[in-house]
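Visitor: Could you take me on a close look at one part of this model? I'd like to see what sits in the middle and what is packed around it.

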Amino acid sequence: MATGSENAGFRATRLFVLLSGGVMAAMVQLAILPSLTQMADHFSGQGDGTLIAQYITAVAAPTMAFGAPLIGWLAGLTGKRTVLLISALMFALAGAGGAFMPDLWTLLASRLVLGLAAAGIGTMAITYLGDYYEGEARDRMIGWYAVVGGGGSLIVLLAAGKLADYAGWRAPFGIYLYGLLIFALALPTIARTSAKAAATAGAAASIKGALGLYVLIVLIAITMYMLTMPGPFLLQADAITSQ
């Protein structure tokens with residue numbers, strides 16, 4: 001819960017950090033989506049370039065989906081603040097590092113790490129919203145989390161498209177450096193939480209109750225990837241470009 005000693009700017013900065021969780025989760029796929037056709041051309045010498053480019057985009061999804069329980073376990077051991085900060089750093093380094101990976105396999109590995117980092121940020125952001133807000137205020141903030149995530153996704157997609165047009169398929173990876181901003185802002189604004197409290201929150205009954213919702217979310221995520229990834233190639237086939 002927020003304390004009376006916190007000024008409005010401090011609370012607004014903390015809320016910005018937490019609401020960014022939704023944007024960063026969407027960013028995993030959308031930041032490189034506009035450059036898929038360029039990526040396919042680059043890797044065409046190693047096989048089916050279209051399939052390889054789609055693998056590069058989609059490979060982060062399993063670690064996002066199945067990494068969330070691991071994130072909860074780590075938060076129980078080290079505390080939520082530690083997990084959030086490390087996840088933000090990993091997001092920036094693994095994400096932007098994709099632009100410099102020397103081959104396909106190291107690029108795929110960096111995407112796996114990025115997915116795990118995004119899972120950490122998203123999971124901890126939602127958890128902290130539950131810590132700092134109660135009742136209707138908490139419900140409202142979780143609603144804003146979805147709204148900001150959707151609006152931010154559009155901005156990311158447009159920015160990534162411009163970067164890919166002007167500087168090639170590696171340039172959009174720089175968008176992941178956003179994680180450094182979140183790390184810097186989270187340091188002074190996100191409070192420490194005890195490992196004991198985090199562990200208590202992860203009771204077996206809670207996990208069992210959330211299992212059905214978890215499976216549903218995974219299925220929705222798979223469907224989203226299946227629908228969006230062919231988009232750039234369909235536009236290319238119809239000669240629709242940004243020029």
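Guide: Here is a walk through the nonpolar core and the helices that build it. Keep in mind that this is a predicted model. The chain has a mean pLDDT of 81, with 77% of its residues at 70 or more.

Let's go straight to the largest nonpolar core, which holds 54 residues. The members that touch the most others are Met27, Met39, Phe43, Ile56, Phe91, Leu129 and Tyr176. At least two core residues come from each of α1 (8-30), α2 (36-42), α3 (49-58), α4 (60-78), α5 (80-97), α6 (104-132), α7 (135-167) and α8 (178-189). The largest share is that of α6, with 13 residues.

Now zoom in on Met27. Leaving aside residues up to four places away in sequence, Met27 touches Phe91, Val156, Ile175, Tyr176 and Tyr178.

Next, follow two of the helices. α5 is mostly covered, with 13 of its 18 residues buried. The ends of α5 fit a simple length check, because 18 residues at 1.5 Å each should span 26 Å and the end C-alpha atoms are 25 Å apart. Then there's α6, with 29 residues: from first C-alpha to last, α6 reaches 42 Å, close to the 42 Å expected at 1.5 Å a residue. Look at the start of α6 too, where a side-chain oxygen of Asp103 comes to within 3.1 Å of the backbone nitrogen of Trp105.

One caution before you wander off: over residues 194-207, pLDDT stays under 50, and the model has ten contacts beyond four places in sequence for this stretch. Where pLDDT is low, don't read the predicted coordinates in detail.

Methods: Residues are numbered from 1 along each chain as its sequence is written. This is a predicted model: local features need pLDDT of at least 70, side-chain atom pairs count only at pLDDT 80 or more; totals for chains, interfaces and linings use all residues. Side-chain values use heavy atoms; hydrogens and water are left out. A nonpolar core is a set of buried Ala, Val, Leu, Ile, Met, Phe, Trp, Tyr and Cys residues joined through side-chain atoms within 4.5 Å. Buried means under 20% relative accessible area, exposed over 50%, partly exposed in between (1.4 Å probe, protein chains only). Helices (H or I, at least four residues) and strands (E, at least two) are DSSP runs, numbered from the N terminus. Contact means heavy atoms within 4.5 Å. pLDDT is the predictor's confidence in each residue, from 0 to 100. The expected span of a helix is 1.5 Å times one less than its number of residues. A polar contact is a pair of N or O atoms within 3.5 Å; within protein, one must be able to donate a hydrogen and the other to accept it, and residues adjacent in sequence count only if both atoms are side-chain atoms.
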